[in-house]
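Q: I would like a close look at one part of this protein. Please keep the terms plain and explain each one once.

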Amino acid sequence: MFAQALITNPIFSTSDVADSAHNGFTFQNTTIQLNQFTAGGVPYQTGRVAESAFTRRNAVNANQSSVWYRGATGTGAPFLGTYSNTYADLLLGNNVSRGSDNTFANGNALAEGNIERLDFMWNGGITALSTFAVAVFERGAVNVHDGFRVALITGVDGAGDPDTQISNTPTAYSTLVAQPGGWGATNFDTPQTPPEFGYTLFRYTAGDNITTGNTPSESGTQGLSGLVFNLAAFGVAPGTTIFGYSIFGFDVTDNNNSANLVDWRNATYYPTNTTGVTGTGGIDLAAINGIAFSVVPEPSTYGLAALALAGGFHAWSRGRRRPAKGSVVTAPV
């Protein structure tokens, strides 16, 4: 398995519900869900999706959100994806038809997302096997995708409901992995359109509330690319409990101490002048976030499991027919 590899050959499924109107625009409410892909020659499949997402903001800059919806270019065109009321909901749900724009760029312009960190969390955590992986997907042009950083959440604070841990914040992280800009040698195809698709941007000024926004401010045509990261990339051993993962702007640093990632309001490690122009904060995430992926088992694995099961049944049935003299036969449980 590769510690980090470019994603190719995605397999999708598509579902659709009735169209709806929001703020004068039609949303076709189509979900294009990612089910499987290949990276470094290894097939991966979609697993558990995060139950919670949190946008960590620093009040130094304007309280804004910049998002995109897939659809035909033009301000009056219908949009393919499902409409979302909140920024966190927008980024969850395994749907390649929507996402965030200029996510970590700081400033007062409407085009800047002003987010310092995005946390995607699995309630109660996941005990990671050696096949575990996470991925980051971005809307952009070939070979010019933006840089970012990513780390696994290995500890939470214990506040709130101790069973669900929904309200908890990270207290410990894995190694911080850096991905410079200029990646994405391929844009993988998606159903219904070629790799390049139309999108329209919406700007909001009420933080995570994205119910009332401005008129669509920009349309364009781009594609999607993604990178997958397994446990080796983060220096994490199999058997570790992973509570989620965080995505950061490329200029975030921990000074080789992952404890410095905990407080997103500390400008020493989370700069508040991050720009989108240089690619340090301009990543345009697709809403395929918070997913735990795993390596697809080889067919031989299934064969061995079936053989072992058959062998076990044969041994049990032989023993059941011919018990030793004086022994007591009990039914299996």
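How many bridges join strand β1 (residues 4–16) to β15, and do the two run parallel or antiparallel?

A: Strand β1 (residues 4–16) and β15 are joined by 3 bridges, and they run antiparallel. Two strands count as paired if DSSP finds at least two bridges between them. The strands themselves are DSSP runs (E, at least two residues), as helices are (H or I, at least four residues), and both are numbered from the N terminus. This is a predicted model, in which local features need pLDDT of at least 70 and side-chain atom pairs count only at pLDDT 80 or more, while totals for chains, interfaces and linings use all residues. Residues are numbered from 1 along each chain as its sequence is written, and side-chain values use heavy atoms, with hydrogens and water left out.

Now to β15 and its partners. Strand β15 covers residues 218–230, and 10 of its 13 residues are buried. Buried means under 20% relative accessible area, exposed means over 50%, and partly exposed is in between (1.4 Å probe, protein chains only). On the β1 side, Ala5 stands opposite Val228 in β15. Strand β10 (residues 132–140) is joined to β15 by 8 bridges, also in the antiparallel sense. There, Gly140 has Gly223 of β15 as its bridge partner. Strand β14 (residues 197–204) pairs with β15 over 5 bridges, again antiparallel. In that pairing, Leu201 is matched with Glu218 of β15.

The partner strands have features of their own. In strand β1 lies Asn9, which has a positive phi of about 50° although it is not a glycine. Asn9 counts as exposed because its relative accessibility is 54%.

Strands β14 and β10 each supply a ring to an aromatic pair. A pair of aromatic rings is described by the distance of the centres and the angle of the planes. Rings of Phe, Tyr and Trp (its six-membered ring) pair if their centres lie within 6.5 Å; planes under 30 degrees apart count as stacked, over 60 as edge-to-face and the rest as tilted. The structure holds 24 aromatic pairs. One of them joins Tyr69 and Phe202, whose ring centres are 5.8 Å apart with planes at 85°, so the pair is edge-to-face. Tyr69 is in strand β7 (residues 65–70) and Phe202 is in strand β14, so this pair links distant parts of the chain, 133 residues apart. Tyr69 is buried, with a relative accessible area of 0%, and Phe202 is buried at 4%.

Phe137 and Phe188 also form an edge-to-face pair, 6.0 Å centre to centre with 80° between the planes. Phe137 lies in strand β10 and Phe188 in the loop between β13 (177–179) and β14, so the pair ties together parts that are 51 residues apart in sequence. Phe137 counts as buried at 0% relative accessibility, and so does Phe188 at 3%. Both rings belong to one aromatic cluster with Phe12, Phe37, Tyr44 and Phe293.

Finally, the setting of this part. The protein chain has 3 helices and 18 strands. Of its 333 residues, 50% count as buried. Among contacts between residues at least 6 apart in sequence, 77% join residues at least 24 apart, where a contact means heavy atoms within 4.5 Å.
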